[in-house]
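Today I am opening my notebook on a structure that is new to me. I would like to look at its aromatic rings and what surrounds them.

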Amino acid sequence: MSPKPLSTPSLLELIDLFEQSGQPILDGDGQRLHGVPGWELSRRAILSSLELAAWTECVGYAGFYPVPRGDEVVMVDIEEDDEQGQYRYRCPETFRVKAIPAEMACVRTIPTAKLLNHLADLLEIPQALRRGIAIAAVDDALWQLGKMRIGLAHIDVWLARGLATRIETIFQYFGQSALPDTGIIFTTGPTLSAMTPPPRNYRVIPLASVLTLHS
């Protein structure tokens with residue numbers, strides 16, 4: 001069953017989580033997980049628990065957890081508790097063992113294919129023009145959504161994640177002569193500085209700027 005369509009505020013928050021998911025989080029074995037930890041999700045005010053369940057999936061559990069120590073917040077190691085559904089840590093102030101729900105340590109990711117196809121639906125890109133959507137053009141950072149009709153022309157449309165930190169690699173990709181000179185690069189992050197020229201005749205547009213809040 002397809003998940004219930006998201007309101008625009010919920011979609012904007014999901015896009016923001018997708019951008020954040022590009023940053024790795026270490027689990028208890030030192031393996032990198034790509035997603036958003038439960039303690040971050042608990043601070044989100046828009047996406048409901050049902051929406052999170054429909055649009056995200058747990059890929060593992062973080063090996064640390066933020067706790068207060070005086071006027072600051074520090075990361076402490078956590079481990080699975082004997083009590084099912086809990087993790088535990090030693091408080092840096094009292095040195096007592098404390099427990100947290102496992103969901104707070106759960107790292108959740110947004111299935112890329114699901115989000116990309118949903119965005120392609122919103123942009124009214126036909127299925128026949130989404131042939132490149134399944135494989136990232138730049139690993140975990142750039143995908144071709146397909147060709148979107150603008151006026152009488154079909155324009156190549158791309159989605160970039162973490163553009164601010166991987167701009168050189170992503171822009172270098174568009175230097176290939178096999179690619180058209182013109183296209184649109186939607187980014188899940190903020191707009192680029194006006195001092196940063198886009199590759200060739202491409203336009204870089206924050207995806208959030210084309211979503212209207214009332215729709």
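Entry one. I began with a charge over a ring: Arg161 lies over the face of Phe18, at 4.1 Å from the ring centre. I then looked up Lys114, which sits over the face of Trp55, with 5.7 Å to the ring centre.

Entry two. I reminded myself that this is a predicted model, and checked its confidence. The chain has a mean pLDDT of 94, and 97% of its residues reach 70 or more. Confidence is highest in strand S3 (residues 36–37), at 98, and lowest in helix H3 (residues 49–55), at a mean of 94.

Entry three. How many aromatic pairs are there? I found a count of nine aromatic pairs. One of them joins Trp39 and Tyr65, edge-to-face, at 5.7 Å centre to centre and with 90 degrees between the planes. Trp39 belongs to helix H2 (residues 38–41) and Tyr65 to strand S5 (residues 64–69), so this pair ties together parts that are 26 residues apart in sequence.

Entry four. Are these two rings' residues buried or exposed? Trp39 is buried, with a relative accessible area of 5%. Tyr65 is buried too, with a relative accessible area of 12%; the cut-off for buried is under 20%.

Entry five. I turned next to Tyr173 and Phe174, which form an edge-to-face aromatic pair with 5.6 Å centre to centre and 90 degrees between the planes. For Phe174 I noted a relative accessible area of 0%, so this residue is buried.

Entry six. Which residues form one aromatic cluster with Trp39? I wrote down Phe64, Tyr65 and Tyr89.

How values were computed:
Residues are numbered from 1 along each chain as its sequence is written. This is a predicted model: local features need pLDDT of at least 70, side-chain atom pairs count only at pLDDT 80 or more; totals for chains, interfaces and linings use all residues. Side-chain values use heavy atoms; hydrogens and water are left out. pLDDT is the predictor's confidence in each residue, from 0 to 100. Helices (H or I, at least four residues) and strands (E, at least two) are DSSP runs, numbered from the N terminus. Rings of Phe, Tyr and Trp (its six-membered ring) pair if their centres lie within 6.5 Å; planes under 30 degrees apart count as stacked, over 60 as edge-to-face and the rest as tilted. Buried means under 20% relative accessible area, exposed over 50%, partly exposed in between (1.4 Å probe, protein chains only). A charge sits over a ring if NZ of Lys or CZ of Arg is within 6 Å of the ring centre and within 35 degrees of the ring normal.
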